[in-house]
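Student: Could we go through this chain together, one question at a time? I would like each answer to show its reasoning before it settles on a value or a name.

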Amino acid sequence: LGPSNGQTPPRPVAPGGGGKTPLTRLDRILASLEQITPSSILADPKSPQHRAAEWLSKDDPALSSIEPDDYVRLYQRYALTALYLGTKGPDWDHRLNFLTGAHECDWSGEVWNDDIGDYESKGVFCDVSRTVFDIVLYDNGLEGTIGEEIGVLHALQGFSVWTNRLRGEIPTTMGNLKLMVRLDLGNNQFTSSIPQSLLNMRQLQEFLVDDNQLDGPVPP
């Protein structure tokens, strides 16, 4: 997923050449995102990926601080935005500051937990370099699918989305998350088989997929 040769993706070029057709911000963002998401998906106005690109280009309060060729920041914010939109974010139990002008590392909040009688932190968590390393969204009313763009979050060490209504296949690009330590997808509606690409998660210590509709063995 994404450029694999370590080189910076090429800058988008206006159709027709000669600079006759100025690229809009959306054009530039879509061209950048084609490095990690198929153009056919990005071209579908109903897809979470296209809607995420639209939001980033037009409605994101922080858009002036993110350039379309700032690939690291753009991909990170895009992946989280697509996750939110692909899982009915506006209907989550707690929106956790998602899709606000705050840095995506601040898309989190304190949520009351009746079981423990105290508040707990949920949302997105980052290291000192403002790179996402943990996503905690369990039991938060997520409904829908997780897109392949989740695989661009290469520093991710934890992904907890148990007890939601997530469906579809587990993204094969999760195999790109080689630093993953804790992956909890339990008590959802995932189908098909568990991707063999998850064998790339050499650091994985906790892998929970119980109470889904998955076929086949769990990779050793």
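**Loops, helices and their contacts**

Tutor: T163 has a relative accessibility of 25%, and it therefore counts as partly exposed. Please keep in mind throughout that this is a predicted model.

Student: Where does T163 lie, and what is its phi?

Tutor: T163 belongs to the loop that runs between β5 (158-160) and β6 (165-168). Most residues other than glycine have a negative phi. T163 is not a glycine, yet its phi is positive, near 60°.

Student: Which loop holds N187, and is N187 buried or partly exposed?

Tutor: The loop in question connects β7 (182-184) with β8 (189-193), and N187 is placed there. N187 has a positive phi of about 55°, although it is not a glycine. Buried would require under 20% relative accessible area. N187 has a relative accessibility of 36%, so it counts as partly exposed.

Student: Where is L185, and what is its relative accessible area?

Tutor: L185 is placed in the loop between β7 and β8. Leaving aside neighbours within four places in sequence, L185 is in contact with F159, V161, W162, I170, F190, L208, V209 and N212. L185 is buried, and its relative accessible area is 0%.

Student: How many Å separate the C-alpha atoms of L185 and D211?

Tutor: Along the chain, L185 and D211 are 26 residues apart. In space, the separation between the C-alpha atoms of L185 and D211 is 9.0 Å.

Student: Turning to the helices, which residues of α1 are buried, and within what arc do they fall?

Tutor: Helix α1 spans residues 25-33, and its buried residues are L26, I29, L30, S32 and L33. Viewed down the axis of α1, these buried residues line one face of the helix, because they fall within an arc of 160°.

Student: What covers the buried residues of α1?

Tutor: One can start from L26, which lies in helix α1 and is buried, with a relative accessible area of 13%. Not counting residues up to four places away in sequence, L26 touches A53, E54, S57 and K58. For the buried residues of α1 taken together, the cover includes α2 (39-42), α3 (48-59) and α4 (71-86).

Student: How do α1 and α3 cross, and what is the handedness?

Tutor: Two packed helices are described by the angle between their axes and the distance between the axes. The axes of α1 and α3 come within 9 Å and cross at roughly 135°, which means that α1 is oblique to α3. The crossing of α1 and α3 is right-handed.

Student: Which residues of α1 and α3 meet, and how do they divide by class?

Tutor: From α1, the residues R25, L26, I29, L30 and L33 meet H50, A53, E54, L56, S57 and K58 in α3. The residues of this contact of α1 with α3 divide into six nonpolar, two polar and three charged.

Student: Is α1 oblique or roughly perpendicular to α4?

Tutor: The axes of α1 and α4 come within 11 Å and cross at roughly 90°. Angles from 65 to 115 degrees count as roughly perpendicular. That crossing therefore makes α1, relative to α4, roughly perpendicular.

Student: What makes the contact of α1 with α4, and how many charged residues does it have?

Tutor: I29, S32 and L33 of α1 form the contact with Y71, L74, Y75 and Y78 of α4. By class, the contact of α1 with α4 has six nonpolar residues and one polar residue, while the charged residues number no residues at all.

Student: At what angle do α3 and α4 pack, and is α3 oblique or perpendicular to α4?

Tutor: The axes of α3 and α4 are 8 Å apart, and the two helices pack at an angle of about 125°. With that angle, α3 is therefore, relative to α4, oblique.

Student: Which residues make the contact of α3 with α4, and how do they divide?

Tutor: On the α3 side the contact is made by P48, Q49, R51, A52, W55 and L56, and on the α4 side by L74, R77, Y78, T81, A82, L85 and G86. The residues of the contact of α3 with α4 divide into eight nonpolar, three polar and two charged.

Student: Against which helices do the buried residues of α3 pack?

Tutor: The buried residues of α3 are P48, Q49, H50, A52, A53, W55, L56 and S57. These buried residues of α3 pack against α1, α2 and α4.

Key. Residues numbered from 1 in each chain as written. Predicted model: local features only at pLDDT ≥ 70, side-chain atom pairs only at ≥ 80, totals over all residues. Heavy atoms only, no water. Buried < 20%, exposed > 50% of the residue type's maximum accessible area, 1.4 Å probe, protein only. Helix = DSSP H or I, 4+ residues; strand = E, 2+ residues; numbered from the N terminus. Arc of directions from axis to C-beta. Contact = heavy atoms within 4.5 Å. Axes fitted to C-alpha atoms, helices over the stretch in contact; angles between N-to-C directions. Parallel < 35°, antiparallel > 145°, perpendicular 65-115°, else oblique. Nonpolar A, V, L, I, M, F, W, Y, C, P; charged D, E, K, R; others polar. Left-handed = near helix turned anticlockwise from the far one by under 90°.
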